[in-house]
Amino acid sequence: AQKKKMDIEETRRSLPIYHYKESLVDAVQNHQVLIIEGETGSGKTTQIPQYLHEAGFTKDGKKIGCTQPRRVAAMSVSARVAVEMGVKLGNEVGYSIRFEDCTSERTIIKYMTDGTLHREFLSEPDLQGYSVMIIDEAHERTLHTDILFGLVKDIARFRPDLKLLISSATLDAEKFSTFFDNAPIFRIPGRRFPVDIYYTKAPEADYIDAATVSILQIHATQPLGDILVFLTGQEEIETCQEILQERVKRLGSKLKELLILPVYSNLPSEMQAKIFEPTPPGARKVVLATNIAETSLTIDNIIYVIDPGFCKQNNFNSRTGMESLIVVPISKASANQRAGRAGRVAAGKCFRLYTAWAFKHELEDNTVPEIQRINLGNAVLMLKALGINDLVHFDFLDPPPHETLVLALEQLYALGALNHHGELTKLGRRMAEFPVDPMMAKMILASEKYKCSDEIVTICAMLSVNGAIFYRPKDKIIHADTARKNFNCPGGDHLVLHNVYKQWADTEFSTQWCYENFIQYRSMKRARDVREQLVGLMQRVEIDIVSTDGDTVPIRKAITAGYFYHIARLSKGGQYKTVKHNQTVMVHPNSMLFEDLPRWVLYHELVFTTKEFMRQVIEIESKWLLEVAPHYYKARELEDSTNKKMPKLLGKAKAELGVVN
Ligand code: ADP
Ligand code: MG
């Protein structure tokens, strides 16, 4: 134990930031707002809170807070800091993320997602419990981080004792400094070894395949050193892992040992921790990661980076009002960050699976900030709940497009969360209690009227675990698909999710049952936690948990009350047209309604692959729309088979919503 403690001390001292400890603490003491810029892996996230704690910033019982755009980072970094400080995670050091609070009365260093801090403003508008707030990974420019900039800047004026640190990995420091009234910039010079960049000669048709080939080539021909591969999500990572395992097995003992380690946000924390374990001598580690490893997490000893050049992004089309998760090319800035991961401990190599031409001519310089490309419904609801009514004049680092703001206001108005003056209604206030999308919040509140809160809360929990419920191992696809069909029940996919959860609950949450039915136990466990949290929140807004005992109509009506923007009707050739914008969409092949094709459907989300697909679909009746959103859907327009236009009503509402050009 003593040796371990010394190792930790030594590691801490070896970080670039260590040499700046005193000057950093001085700077924080002398300035209320400080912009910090330092290369990824220099120790900003793990060390700064500890330095400030050691310097006495937690003496009077106040906390040091540090936000992270990603859940995984909040969990992983807090775990590391707890180890470094020799305390149990959740005591002095803790984390708080959506649906999971691992902090206690004793917590003085608190890591949290930016969304969680945003929400904390609702109960503690002046952040009284904190002496220092660090907005970390500011360069990521997530929606919540961008809104936090405006909120903390405002708080700082009222709380001269609050220290504010804006920490970023890249070049935006000047911009942050200007925004925060010319706050000083503290630069931590990084140490970076040269990284050789290699491009492919021709574009790759299948980048997962190309990535596995590259991994094996590196493994067979290059000196030891770990490999980091950037993929876009869990599915891709699992596919890559399977292909790789198979090929490694085939090559047999000809090669040195290759450890394959995935990391993505749904991976349980004990498995995430594995990526930080040192590679055994003589072996090589390959980490298959999402964007999370770009700047949020630093994995030591990476020498080789493989960059296919893509990431998954949530994109909102303000013209069509459609939001969709799509795979998009990364920016040059991202590509350079990724390459940088190879040069932290020694000279490295980065293999870009795209051409030099594509890098130069096809990649944008920088990633567009989230606030300019995603649906703002949730953010606007939160700001309204904080009493910020004039959104047009809110202090944004980069303001969102006007249309997007108007669409968000319209949607909240249509959901009944805002009145026609643009003020929060009682319903809106209750909706804001739930850390979910406004549509989902509305569906939860509607479940009170339709007396199906028990079913709805389960459905919400299941939807919130990101779809990873069914398990489909390559060698047992037929079994898995048969097992899955057994859960089918009238109504559609939401009811299937409910059915899975209910049957699982009836087995007293058995692991064996999950295994036999090709259900992901981990996802189910998480759904159970989320459900528990939601039930607690429902009690807060005084909704009793009641069940319809089998009647799916009220359940589907409650869902429709929240998601009436997501309606499509059957058109020619098995295609659907969305009611809102007459866009062509298809039922996802994974849906139980894939073959039924009912006349009217409601979808939970759209994913774009080759086409726009609706994922999680239920059958509805058009007359319900008039029942759940009468002011939104007018009878005639629904009967009209061409269905070209949305109700005009919102034109008027817009003028009244206080959105002035
Ligand atoms: P920065 O925020 O400047 O990018 P960090 O503070 O995240 O840097 O990382 C500093 C060091 O801490 C890195 O060497 C990283 O590998 C290590 N580290 C971070 N999290 C963990 C963890 N969960 N387990 C082990 N080491 C970690
Ligand atoms: Mg960091």
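In these legends, helices (H or I, at least four residues) and strands (E, at least two) are DSSP runs, numbered from the N terminus. With that naming in hand, welcome to a set of close-ups of a predicted model.

**Figure 1. The annotated span, residues 25–189.** An unreviewed UniProt entry lists residues 25–189 as "domain: Helicase ATP-binding". In the model, helix makes up 39% of this span and strand 25%. The C-alpha atoms at its two ends are 16 Å apart.

**Figure 2. Helix α5 against helix α6.** This view takes in α5 (residues 114–123) and α6 (residues 143–158), whose axes come within 9 Å of each other. The axes cross at roughly 40 degrees, and the two helices are therefore oblique to each other. The crossing of α5 with α6 is left-handed. On the α5 side, look for Asp114, Gly115, Leu117, His118 and Phe121; on the α6 side, they meet His144, Thr145, Ile147, Leu148 and Leu151. Sorted by class, the residues of this contact are 5 nonpolar, 4 polar and 1 charged.

**Figure 3. Thr212 within helix α8.** Thr212 belongs to α8, which covers residues 207–221. Is Thr212 buried or exposed? It counts as buried, because 25 C-beta neighbours lie inside 10 Å and the cut-off for a buried residue is 20 or more. Setting aside residues within four places in sequence, Thr212 is in contact with Cys240, Ile243, Leu244 and Arg247. For a sense of scale, the C-alpha atoms of Thr212 and Gly492 are separated by 37 Å, with their positions 280 residues apart along the chain.

**Figure 4. Ala414 in helix α15.** Here the view moves to α15 (residues 402–415), where Ala414 is found. Ala414 is buried, with 21 other C-beta atoms within 10 Å. Beyond its neighbours within four places in sequence, Ala414 is in contact with Ala629 and Tyr632. Trp504 makes a handy reference point: Ala414 and Trp504 are 90 residues apart in sequence and 36 Å apart in space, C-alpha to C-alpha.

**Figure 5. Helices α17 and α18, with Lys451 in the loop between them.** Helix α17 (438–449) and helix α18 (453–464) are joined by a loop that holds Lys451. The axes of α17 and α18 come within 8 Å and cross at roughly 160 degrees, so the two helices are roughly antiparallel to each other. Their crossing is left-handed. From α17, Met440, Met443, Ile444, Ser447 and Glu448 meet Ser453, Ile456, Val457 and Cys460 of α18. That contact divides into 6 nonpolar, 2 polar and 1 charged residues. What is notable about the backbone of Lys451? Its phi is positive, about 50 degrees, although Lys451 is not a glycine. Most residues other than glycine have a negative phi. Lys451 counts as partly exposed, with 17 C-beta neighbours inside 10 Å.

**Figure 6. Helix α18 against helix α22.** Helix α18 appears again, here beside α22 (residues 521–540), and the two axes come within 8 Å and cross at roughly 135 degrees. That angle makes α18 oblique to α22. The crossing of this pair is right-handed. Which residues meet between α18 and α22? Ser453, Val457, Thr458, Cys460, Ala461, Met462 and Ser464 of α18 meet Ala527, Val530, Arg531, Leu534, Val535 and Met538 of α22. The contact is made up of 9 nonpolar, 3 polar and 1 charged residues. Ser453, Val457 and Cys460 of α18 are also among the residues meeting α17.

**Figure 7. Pro554 in helix α23.** Pro554 sits in α23, which spans residues 552–563. Apart from residues within four places in sequence, Pro554 is in contact with Tyr450, Lys451, Cys452 and Thr548. One of these partners, Lys451, is the loop residue between α17 and α18. Pro554 counts as partly exposed, with 17 C-beta neighbours inside 10 Å. The C-alpha atoms of Pro554 and Asp26 are 61 Å apart, and the two residues are 528 places apart along the chain.

**Figure 8. Asn582 in the loop between strands β18 and β19.** The last view shows Asn582, in the loop between β18 (576–578) and β19 (584–587). Asn582 is a residue other than glycine with a positive phi, near 60 degrees. Asn582 is partly exposed, with 16 other C-beta atoms within 10 Å.

Key: Residues are numbered from 1 along each chain as its sequence is written. Chains are lettered from A and ligands numbered from 1 in the order in which they are written. This is a predicted model: local features need pLDDT of at least 70, side-chain atom pairs count only at pLDDT 80 or more; totals for chains, interfaces and linings use all residues. UniProt positions are given in the numbering used here, feature names are shortened, and annotations may be inferred rather than shown by experiment. Axes are lines fitted to C-alpha atoms, for helices over the stretch in contact, and angles run from 0 to 180 degrees between N-to-C directions. Angles under 35 degrees count as roughly parallel, over 145 as roughly antiparallel, 65 to 115 as roughly perpendicular and the rest as oblique. A crossing is left-handed if the near helix is turned anticlockwise from the far one by less than a right angle, and right-handed if clockwise. Two residues are in contact if their C-beta atoms, placed from the backbone, lie within 7 Å. Ala, Val, Leu, Ile, Met, Phe, Trp, Tyr, Cys and Pro count as nonpolar, Asp, Glu, Lys and Arg as charged, and the others, Gly among them, as polar. A residue is buried if 20 or more other C-beta atoms lie within 10 Å of its own, exposed if 12 or fewer, and partly exposed in between; C-beta atoms are placed from the backbone.
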